[in-house]
Amino acid sequence: MSAAPERNRPERPGEPALVRKLRARQAEHKKRGRLYRWTFVAVGVAVLGVGIAMLALPGPAFVVIPIGLAILSLEFAWAEHLLEKALIKGEEAKRRASEASPAQKALTGAAAACGVAAAVTAAILWDIPLLPV
C-alpha cells in the first residue's frame, strides 16, 4: 500500500473545517492495524467507484464521490489533494451563491422553472410516461 507520508501542514485561512477534521482523523487512522487499513481502502475504492458510476447513472454522484475520496484520503495523498480541492471549490461556490444579487437569484429560479416546464411539455407532447410502469 503506498501510504501517504505524515501530513502535518499548518492550517490555511481559507481551508474548510472538514479538511481540518480530516487531518486530525488521519493521525488516528495511521495507528490502526494493517487489515483495518486495507479494509478501509477497499471500502473507499468501492464507494468512489459507485460515485463515478453515478455520473452516468441516477444518483447523488457529487455527494458519494467526496465520501469515497474522504475514506481514501486517510491513506493516500492524491485522494486528500482531490478532496481538499473539491471542498475548497464547494465552499467557493457556496460563497458566490450567497453573494448573488436578487436579480441573479430570480433569473436562476426562472431558468429552473423553464427547465421543469420544458420537461413536462416534452412528456405531454411526446407521450413520455412520467413514472415507468
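Colleague: To start with F62, in which helix does F62 lie?

Modeller: F62 lies in helix α3. Please keep in mind that this is a predicted model.

Colleague: Is F62 buried or exposed?

Modeller: F62 counts as exposed, because its relative accessibility is 71%, and the cut-off for that class is over 50%.

Colleague: Which residues form a nonpolar patch with F62 on the surface?

Modeller: The patch consists of I52, L55 and F62, and together these residues have about 370 Å² of accessible area.

Colleague: Which residues of α3 are buried, then?

Modeller: The buried residues of α3 are A61, V64, I65, G68, L69, I71, L72 and S73. They pack against α1, α2 and α4, the last of these being residues 77-98.

Colleague: And how far does α3 reach from its first C-alpha to its last?

Modeller: The helix has 13 residues and reaches 18 Å, close to the 18 Å expected at 1.5 Å a residue.

Colleague: Let us step back. How many helices and strands are there in the protein chain?

Modeller: The chain has five helices and zero strands. Its pattern along the sequence is therefore written α-α-α-α-α.

Colleague: What percentage of the residues count as buried?

Modeller: Of the 133 residues in the chain, 26% count as buried. The accessible surface comes to about 9500 Å², and carbon and sulfur atoms account for 70% of that surface.

Colleague: What about contacts between residues at least 6 apart in sequence: what percentage join residues at least 24 apart?

Modeller: For the protein chain, that share is 57%.

Colleague: Now to α2. What span should its 20 residues have?

Modeller: Helix α2 covers residues 34-53, and at 1.5 Å a residue it should span 28 Å. Its end C-alpha atoms are 28 Å apart, so the model agrees with the expectation.

Colleague: Which residues of α2 are buried?

Modeller: The buried residues there are R37, F40, V41, G44, L48 and G51. Viewed down the axis of α2, the buried residues fall within an arc of 100°, so they line one face of the helix.

Colleague: Against which helices does that set pack?

Modeller: The buried residues of α2 pack against α1, residues 17-30, and against α3, residues 61-73.

Colleague: I see an arginine in that list. With which residue does R37 meet in a salt bridge?

Modeller: The side chain of R37 meets that of E75, with an N to O distance of 2.5 Å. This pair links distant parts of the chain: R37 is in helix α2, while E75 is in the loop between α3 and α4, 38 residues apart. Both R37 and E75 are buried.

Colleague: How many salt bridges does the structure hold?

Modeller: The structure holds three salt bridges. Besides R37 with E75, R96 meets E92 at 3.9 Å, N to O, and R95 meets E99 at 3.1 Å, N to O.

Colleague: Where do R96 and E92 lie?

Modeller: Both are in helix α4, four residues apart, which is about one turn of the helix. E92 is partly exposed, with a relative accessible area of 30%.

Colleague: And R95 and E99: how accessible are they?

Modeller: R95 counts as partly exposed because its relative accessibility is 41%. E99 has 54% relative accessibility and so counts as exposed.

Colleague: Staying with α4, how far apart are E91 and P16?

Modeller: E91, which lies in helix α4, is 75 residues from P16 in sequence, yet the two are 7.2 Å apart in space, C-alpha to C-alpha. E91 is partly exposed, with a relative accessible area of 41%.

Colleague: One last residue, R25. Where is its place?

Modeller: R25 is found in helix α1. With a relative accessible area of 27%, R25 is partly exposed.

Colleague: Which residues does R25 touch, not counting those up to four places away in sequence?

Modeller: R25 touches Y36, F40 and L74. One of these, F40, is among the buried residues of α2. As for L74, R25 and L74 are 49 residues apart in sequence and 7.6 Å apart in space, C-alpha to C-alpha.

Methods:
Residues numbered from 1 in each chain as written. Predicted model: local features only at pLDDT ≥ 70, side-chain atom pairs only at ≥ 80, totals over all residues. Heavy atoms only, no water. Helix = DSSP H or I, 4+ residues; strand = E, 2+ residues; numbered from the N terminus. Expected span 1.5 Å × (residues − 1). Buried < 20%, exposed > 50% of the residue type's maximum accessible area, 1.4 Å probe, protein only. Arc of directions from axis to C-beta. Contact = heavy atoms within 4.5 Å. Patch = residues over 30% accessible without salt bridge, like charges linked within 9 Å, V, L, I, M, F, W, Y side chains within 5 Å. Areas by Shrake-Rupley, 256 points an atom, 1.4 Å probe, with all protein chains shown as cover. Salt bridge = Lys/Arg side-chain N within 4 Å of Asp/Glu carboxyl O.
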